[in-house]
Amino acid sequence: MNTNRTNMTRRQLLAASGISLVSLGSAAPAAPLAPVSIGKIAGYDQDLTRLLAEQFDQIGGIAKLVAGKTVAIKLNLTGGGRIGSYSAGQTHWVHPKLVGACCHLLGRAGAKRIRLLEGAGRGDSLADKMLDAGWDVPALRSAAPVVEFEDTNRLGRAKRYSRLKVAKPYVYPAFDLHPSYEETDVFLSMSKLKHHEECGITLTIKNSFGIAPNSVYGDDAGVDEPNENPRRGREAMLHLGRRQPPKSAPQEVDFASERYEGYRVPRICVDLIAARPVDLAIIDGIESSIGGEGPWVKGVRYANPQVLLVGRNPVCTDAVATAVMGYDPRASRGQLPFRSTKPSAPDAPQYAENPMLLAEAVGIGSADLARIDVRGVPIKDALYDFESRRKP
């Protein structure tokens, strides 16, 4: 199969029609739908508060959603380092100015409490991680009446984990998560529009991978109980299934299932987004990266898509974002972009599953562009061909 030719045909069709791509999978008719807004934004020095407010209005507004409520925002601050001379917020993290604009608008809409959530890494607080990256943390704190920061890789000040169940599990029937993911009225995912080395792309669904705490799902988690001083990532446990979580946490539904990360990671992401549903999705593609999810990936480079996507359904939002990247949101595993570019053994598979189709199959949302109401800028006018810009 000539995948490059196939994807070029899809991109050309998309640019010409502005409606949909060639569908390679059948949609689930009952999958929920919600409108998605696309905005064209030249850079982070634009009036992000005004522009994001317009996109919120395009999907029906946020006042009814957040007024008088606690809002938790899962950020994408994966890893560290720089790509060339660009800041992390320009390439593989969400940008602090966008986070600040979002917090301000949530506060203006009446949110009583805003909690910024992310795994901070090896012992640092989330605020420290931001400060080390040059973020203006005091400005974020003052963006709304109450803005808090929580490292969700460990319990920290919390007393217990929250067990959130998965109605139709692929890998895990439930997860033990930091209680901040349960003790909130509204859950907002703020992710980056970029490639991913193992999964092809990383958007809203993949952003939920980061809500699994390293204390429970990290490779140095305890055998019986969580490790509240985790120092390792989730490669052996979640990516490769070489060990199970502590006995205190729910175990896999099928210990004999496929161990390949292109199979496991998308399914675990869908399980996580089913356990902790996303009420509002924001995908930062104003500036981004091509070729991988961070500077540790060989060949990753800066990208300048100048787009921002906002939606109430994570699958619909990811489907539109995938189309903006020049890909088919209904592509099968092994077809672009759903194939691994990570070097592996000669006999190892290279495919990645399409998480949108997995999520659609369990009723989370629709990945069918023909059914999604796209507002703001049309897809054809926001198209930024990621594949043709990938480094050879």
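A pocket, as the word is used here, is an open set of grid points with protein on both sides within 12 Å along at least five of seven lines. With that in hand, let us walk through this predicted model, starting at its largest pocket.

## The largest pocket

The largest pocket holds about 850 Å³ of space. Its lining comprises 32 residues, and the closest to the centre are Thr78, Gly79, Gly233, Arg234 and Trp296. Which elements each supply at least two residues of this lining? They include strand β7 (186-196), together with helices α8 (204-207) and α10 (235-239). By class, the lining is made up of 14 charged, 13 polar and five nonpolar residues.

## Strands β2, β3 and β4

Strand β3 spans residues 113-118, and because five of its six residues are buried, the rest of the structure largely encloses it. Strand β2 (residues 70-74) runs parallel to β3 and is joined to it by five bridges. Within that pairing, Val71 has Ile114 of β3 as its bridge partner. Strand β4 (residues 147-151) is also parallel to β3, again with five bridges. Here Leu117 stands opposite Glu150 of β4.

## Strand β9 and its partners

Strand β9 is mostly covered, with eleven of its eleven residues buried. The table below gathers its pairings, and for each of them one pair of facing residues follows in the text.

| Strand paired with β9 | Sense | Bridges |
|---|---|---|
| β7 | parallel | six bridges |
| β11 | antiparallel | five bridges |
| β10 (residues 301-303) | antiparallel | three bridges |

On the β7 side, Lys192 stands opposite Asp284 of β9. Towards β11, the bridge partner of Ile282 is Val310. Towards β10, Ser289 stands opposite Tyr302.

A short strand, β8 (residues 200-202), contains Thr202. This threonine has a relative accessible area of 5%, so Thr202 falls under the 20% limit and is buried. Beyond its sequence neighbours up to four places away, Thr202 touches Lys192, Lys194, His195, His196 and Glu293. Lys192 thus appears twice, as a contact of Thr202 and as the residue opposite Asp284.

## The nonpolar cores

In soluble globular proteins, nonpolar side chains tend to be buried together. In this model the largest nonpolar core has 68 residues, among which Phe175, Leu193, Leu309 and Val320 touch the most other members. A second, separate core has 47 residues, including Met130, Leu140, Leu280 and Val310.

What does Leu309 touch, once residues up to four places away in sequence are set aside? The contacts of Leu309 are Ser37, Ile38, Gln55, Leu193, Ala281, Ile282, Ile283, Thr317, Val320, Ala321 and Val324. Two of these, Leu193 and Val320, are named with Leu309 among the core members that touch the most others.

## Helix α2

In helix α2, the buried residues are Leu48, Leu51, Leu52, Ala53, Gln55 and Phe56. Their cover includes strands β1 (36-40), β9 (280-290) and β11 (307-311), along with helix α5 (96-108). Gln55 is one of the residues that Leu309 touches.

Thr49 also belongs to α2, which covers residues 48-58. Is Thr49 buried or partly exposed? Its relative accessible area is 22%, and since buried means under 20%, Thr49 counts as partly exposed. Leaving out residues up to four places away in sequence, Thr49 is in contact with Ala101, His104, Leu105 and Arg108. Thr49 and Gln350 are 301 residues apart in sequence, and their C-alpha atoms are 41 Å apart. After the helix comes Gly60, with a positive phi near 110 degrees.

## Two further positions

Helix α11 (residues 261-275) holds Ala274. With 26% relative accessibility, Ala274 is partly exposed. Not counting neighbours within four places in sequence, Ala274 is in contact with Lys165, Val166 and Ile364. Of these, Ile364 is 90 residues from Ala274 in sequence, yet the two lie 7.2 Å apart in space, C-alpha to C-alpha.

Leu369 sits in the loop between helix α13 (355-361) and strand β12 (374-376). Although found in a loop, Leu369 is buried, at 7% relative accessibility. Leu369 and Asn214 are 155 residues apart in sequence and 35 Å apart in space, C-alpha to C-alpha.

Conventions: Residues numbered from 1 in each chain as written. Predicted model: local features only at pLDDT ≥ 70, side-chain atom pairs only at ≥ 80, totals over all residues. Heavy atoms only, no water. 1 Å grid on protein atoms, 1.4 Å probe; cavity = no way out; pocket = protein on both sides within 12 Å on 5 of 7 lines; lining within 4 Å. Points joined across faces, edges and corners; volume = space filled by probe spheres on them. Helix = DSSP H or I, 4+ residues; strand = E, 2+ residues; numbered from the N terminus. Nonpolar A, V, L, I, M, F, W, Y, C, P; charged D, E, K, R; others polar. Core = buried A, V, L, I, M, F, W, Y, C linked by side-chain atoms within 4.5 Å. Buried < 20%, exposed > 50% of the residue type's maximum accessible area, 1.4 Å probe, protein only. Contact = heavy atoms within 4.5 Å. Pairing = 2+ DSSP bridges.
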